[in-house]
Amino acid sequence: MDFTLILPQELAERIFSYISAADLFRIACCNKVWREWSNSDMLWQPLCAAQNWIHFSTDGQLFTRGQYSCSSTGLSSPVYKGADMSKVPSLTPICFWKEVYCRAAYLQQNWAKGRYTVVPLLRGHRKRVNCLDCDGQYVVSGSDDKSARVWNLFTAHCLHVLDVHTDAVTCVVIKNDYVLTGCADNHIRIFRVQTGVFMQTLMGHSASIEHLCFDGHRVLSASADRTLRVWTLELGCCKHVLTGHEDDIQLLTMQDTLAVSTSWDRYIRMWDLETGNCIKSLSSQNQVVHCCQFDSRFLIFGGSEGLVVIIETGKEPDDVNGMHRCEGHSSDVYCLVFNEKIVCSGSADSTIRVWDFTGKCLFTFYEHIGVVRCLHLHGNRLVSGGDRKKIVVWDVQAGMLLNVVHRNPTLLHKWWVNETRIITASPESPGTLTILSYW
C-alpha cells in the first residue's frame, strides 16, 4: 500500500525527511508519484547542509564550466553530465537543491578517483614565479621578471600584465577586485583586477617586501627591514609600524584583527592590528619556524627541529598544560594545516603525519619522495604537494591514500587549492603555472 495516498501531506513529508540521499535516489526510480515526492528542495537542502555544500548554491563553482583549450575523455574525465529531462517531458525538472547535491557528490568522486583535466601551461613570465594567489575567478602571479600577471581561472588566458615594478615581485594577494603586489624595491602597489589599472603605491618600508596580507580593507606587510606595517587601503597611509623582531621575518598570517609573525630570531609574535601592540611573544622551542597557522583556539607551528608545537591561544606562554609537542618527524617540518579535529604536517623526511590536539600521531603517510612542501585540508580530504612533481590526495579520516596525480607536468614550490582546482607554480625559469581542474 502506498502510504503517500492515505497519510496527510505534512506527515508524508516528515517521513521523507528522515530518508537518506541514497534512498531518495532509489525512491525516485520506483514510480512517477514517488519520484515527485523525492524531488523537493525541502528534502535536499538539509542533505546539502549536512555535507557543508550550501555554499555551492551561490559561489558558482559547480555551475561554471572551464573553457579550456583541451579535452579529457575516458576514466580521467571530470565532466559532469546531468539527466536530460527534455526526453521525459511528463516529469518535472530536477529541483535546485537536488541538482546541487548531485554535482557536489560527483565532485567528491572526481577527487577520490583521480578524475581531472590538465590545462595547458600558463606561460608568459620570463623568469621564475615567486608567488601566486586566486580569488576563485582570477589568478595573479608575481615573478623575478619584475611583473605580475592576472589570469582568468576559467579560460586560462592572461588578462593583464602589471609591469610597473622596478624589481622582482615577491608577494601578491587578490581580494575584492584589488590586486596588491609586494616588490623587492620596497614598495607595495595596488591595482584593479578588472581593468589592470594601477591605483597607488604604499611607501614606508626601507627594504624588500617579503609578505602581504589583505582582508579587503586592511593591508599588513612584512619587510626585510624586520618591521611590519599596518595600512588602511581607503586612505593609503600607514596606521602602525610593528617592531620587535631582531632578524628576518620568516612568515606572516592574519585572522581578523590579529596577526602572527615568525622570524629567524626564533620568536613568534602575535599582534593586535587595531592598536599595533605585540600581545604575545613565544619562544619557538629553539627551532627556526618554517610554517605557522592560528585561529581563536590554537597557534600551531613547525620548524627545523622536526617538531610540531600546539599552543592553546588562551593560555599564558609559559603554561605547559596549554602546550603539546608533536614528535615523530626526523627532519624539518615545512608545512602544516589543521581543522577542528586534526593537525597535518609535511616534512623534509618525505612523510606526512596526522595528529590529534594532544600531540598523538594518528597516521603517517609515506607516498612522497623528497620534501613535502604544501598541504591543503578540506573536510576529510588532504591534498599534499612535494618534490618530483608529486601531488597526492588522501582520506585523513580513514588514514588512506586515495590517488596520486600522475599528470602534473612541472615541479612545484607554490600553490593555491580550492574545492575544484589545484594551481601550481614551477620554481624553474621561465616560470609557468599549471591548473588541474577537478570540475
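In the predicted model, F298 has E312 of strand β20 as its bridge partner. This bridge belongs to the pairing of strand β19, which spans residues 298-303, with strand β20, which spans residues 308-312, and the two run in the antiparallel sense over 5 bridges. Strands of a sheet pair through backbone hydrogen bonds, in either a parallel or an antiparallel arrangement. The wider sheet is open and consists of 4 strands in the order β18-β19-β20-β21, with antiparallel pairing. Its edge strands are β18 (289-294) and β21 (323-326), each of which pairs on one side only, and the twist from one strand to the next averages 15 degrees.

Helix α4, which covers residues 41-50, has L43, W44, L47 and C48 as its buried residues. When the helix is viewed down its axis, these buried residues fall within an arc of 125 degrees, so they line one face of α4. An α-helix has 3.6 residues a turn, so residues three or four places apart point the same way. The elements that cover the buried residues of α4 include α1 (9-17), α2 (21-27), α3 (32-38) and α5 (96-113). At the N-terminal end of α4, S40 acts as a cap, with a side-chain oxygen 3.2 Å from the backbone nitrogen of M42, while just after the helix N52 takes a positive phi of about 60 degrees.

Two of the helices that cover α4, namely α1 and α3, also supply the partners of an aromatic pair, F16 in α1 and W37 in α3. A search of the whole structure finds 21 aromatic pairs. A pair of aromatic rings is described by the distance of the centres and the angle of the planes. For F16 and W37 the ring centres are 5.6 Å apart and the planes lie at 5 degrees, so the pair is stacked. Because F16 lies in helix α1 and W37 in helix α3, the pair ties together parts that are 21 residues apart in sequence. F16 is buried, with a relative accessible area of 1%, whereas W37, at 21% relative accessibility, counts as partly exposed; the cut-off for a buried residue is under 20%. Ring pairs link both residues with F3 and W34 into a cluster.

A polar side chain is found in a buried setting in strand β3, where residues 138-143 include S141, a residue with a relative accessible area of 0%. The side chain of S141 makes a polar contact with the side chain of H125 at 2.7 Å, and another with the side chain of W151 at 3.0 Å. When neighbours within four places in sequence are left aside, the residues in contact with S141 include V129, C131, L132, V172 and L433.

Several loops contain backbone features that deserve separate mention. In the loop between β31 (421-425) and β32 (433-437) lies P430, and the peptide bond that leads from S429 to P430 is cis, with omega near 0 degrees. R226, in the loop between β11 (218-223) and β12 (228-232), has a phi near 70 degrees, a positive value in a residue other than glycine. A positive phi, near 55 degrees, is likewise found at D256, which is placed in the loop between β14 (249-255) and β15 (258-263). R226 is partly exposed, with a relative accessible area of 35%, while D256 is exposed, with a relative accessible area of 66%.

Note on methods. Residues numbered from 1 in each chain as written. Predicted model: local features only at pLDDT ≥ 70, side-chain atom pairs only at ≥ 80, totals over all residues. Heavy atoms only, no water. Pairing = 2+ DSSP bridges. Axes fitted to C-alpha atoms, helices over the stretch in contact; angles between N-to-C directions. Buried < 20%, exposed > 50% of the residue type's maximum accessible area, 1.4 Å probe, protein only. Arc of directions from axis to C-beta. Contact = heavy atoms within 4.5 Å. Polar contact = N/O pair within 3.5 Å; in protein donor to acceptor, adjacent residues only side chain to side chain. Phe/Tyr/Trp six-rings, centres within 6.5 Å; stacked < 30°, edge-to-face > 60°.
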